[in-house]
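Biologist: Let's go through this structure together. I will ask, and you will reason your way to each answer.

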Amino acid sequence: MQTRPHLDITLCAPRGFCAGVDRAIQIVELALEKYGAPVYVRHAIVHNKYVVEGLRQKGAVFVEELDEIPATGAPVVFSAHGVPKSVPADARARQMFFLDATCPLVSKVHIEAQRQHNEGREIILIGHAGHVEVIGTMGQLPEGAITLVQTVADAEAFEPRDPEKLAYVTQTTLSVDDTSAMVEVLRRRFPAIALPHKEDICYATTNRQEAVKRVAPNVDAMIVVGAPESSNSVRLVEVAQRNGCPRAMLVERADRIDWTAFEGIARLGITAGASAPEKLVDEVIEAFAQRFEIAVRASGEQREAIVFNLPRELRAQPTL
């Protein structure tokens, strides 16, 4: 009888859901409980098909634009990534009842950009073109007020209207190292540039990247459970590859694993992007357990103490 090869699995911690994702999903679930189906959601609430499908089965209806929503008075939820100012303005004009699930850390970037603009500064946004969070942040200000910088080369080439009146903000889900390199260029070229009050890259992105950096040099391969649309998940793959684990790959579900990529490995690292539920990690571990004799250990501390308040309309009312 052929014995299965042994595999040591190291689970990166923290991994998976962050407070902003948790809050956004709760908002949809509580709205369904309180108001009944349907609850409309503009854009995928978070970048994970499993989560979106689960909410759809409970009665959430996902749309890309408000004009797809019939005038029924049903609640509308804005996704965790944030929306341009024009979206809530349009919802008010249509007399829609809406709940904003924008992550409070994304809202912080919006407020920072608005404040710097009000003080007369031109804004640089470090981020990825076309990402919904970037579209939402750029949509906080009039056209032309924010310039997107995606690479160190962009930072070197940028020519401001006035180098003495500049500020930068960043997308919350970027690579910490890539962003630092761009910030370094901007600060060297424009010493007067105004910095964010607090780091824009969110605590969850930073913590998950640090966990991967610890594990990557000590494993033969790394799986990041997450969706290709998820910026923070894609960044985790890049972080692993740069930190000693070239065989790092993104996996949406256990049934998408390319088993040829894991032939001959003895040590595997597993993490999950901030919008990937732990159930999908469990599925991946179970799939490996069917092919290997596995030993699983955690590296790091999973607990993150941050919790964000729900919208007032959905908070439990105190009993008298």
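Modeller: One term comes before we start. A residue is buried when its relative accessible area is under 20%, and exposed when that area is over 50%. Keep in mind that this is a predicted model.

Biologist: Which residues of H10 are buried?

Modeller: H10 covers residues 278-289. Apply the cut-off of under 20% to the helix. The buried residues are Leu280, Val281, Val284, Ile285, Ala287 and Phe288.

Biologist: How wide an arc do they cover around the axis of H10?

Modeller: An α-helix has 3.6 residues a turn, so residues three or four places apart point the same way. The buried residues lie on the same side of H10 because their arc around the axis is only 160°.

Biologist: Which elements do the buried residues of H10 pack against?

Modeller: Helix H2 (49-58) is one of these partners. The others are strands. They are E1 (6-12), E9 (221-225), E11 (267-272) and E12 (293-299).

Biologist: What does H10 reach from its first C-alpha to its last?

Modeller: H10 has twelve residues. At 1.5 Å a residue, 16 Å is expected. The model comes close to that, with a reach of 17 Å.

Biologist: Now the backbone. Which residue does a cis peptide bond join to Ala37?

Modeller: Most peptide bonds are trans. Here omega is about 0°, and the bond is cis. The partner is found in the loop between H1 and strand E2 (39-42). It is Pro38.

Biologist: Where is Pro14 found?

Modeller: The peptide bond from Ala13 to Pro14 is also cis, with omega near 0°. Pro14 follows E1 and comes before helix H1 (19-35). That places Pro14 in the loop between E1 and H1.

Biologist: His43 has a positive phi. Is His43 buried or exposed?

Modeller: Most residues other than glycine have a negative phi. His43 is not a glycine, yet its phi is about 70°. It lies in the loop between E2 and H2. Its relative accessibility is 14%, so His43 counts as buried.

Biologist: And Gln95, buried or exposed?

Modeller: Gln95 is not a glycine either, and its phi is positive, about 55°. Its loop runs between helix H3 (86-93) and strand E5 (98-100). Because its relative accessibility is 75%, Gln95 counts as exposed.

Biologist: Last one. Which residues is Ser231 in contact with, leaving aside its neighbours within four places in sequence?

Modeller: Ser231 is in helix H9 (residues 231-242). Its relative accessibility is 7%, so Ser231 counts as buried. With those neighbours left aside, its contacts are His128, His131, Gln171 and Thr173.

Terms used
Residues are numbered from 1 along each chain as its sequence is written. This is a predicted model: local features need pLDDT of at least 70, side-chain atom pairs count only at pLDDT 80 or more; totals for chains, interfaces and linings use all residues. Side-chain values use heavy atoms; hydrogens and water are left out. Helices (H or I, at least four residues) and strands (E, at least two) are DSSP runs, numbered from the N terminus. The expected span of a helix is 1.5 Å times one less than its number of residues. Buried means under 20% relative accessible area, exposed over 50%, partly exposed in between (1.4 Å probe, protein chains only). The arc is that of the directions from the helix axis to the C-beta atoms. Contact means heavy atoms within 4.5 Å.
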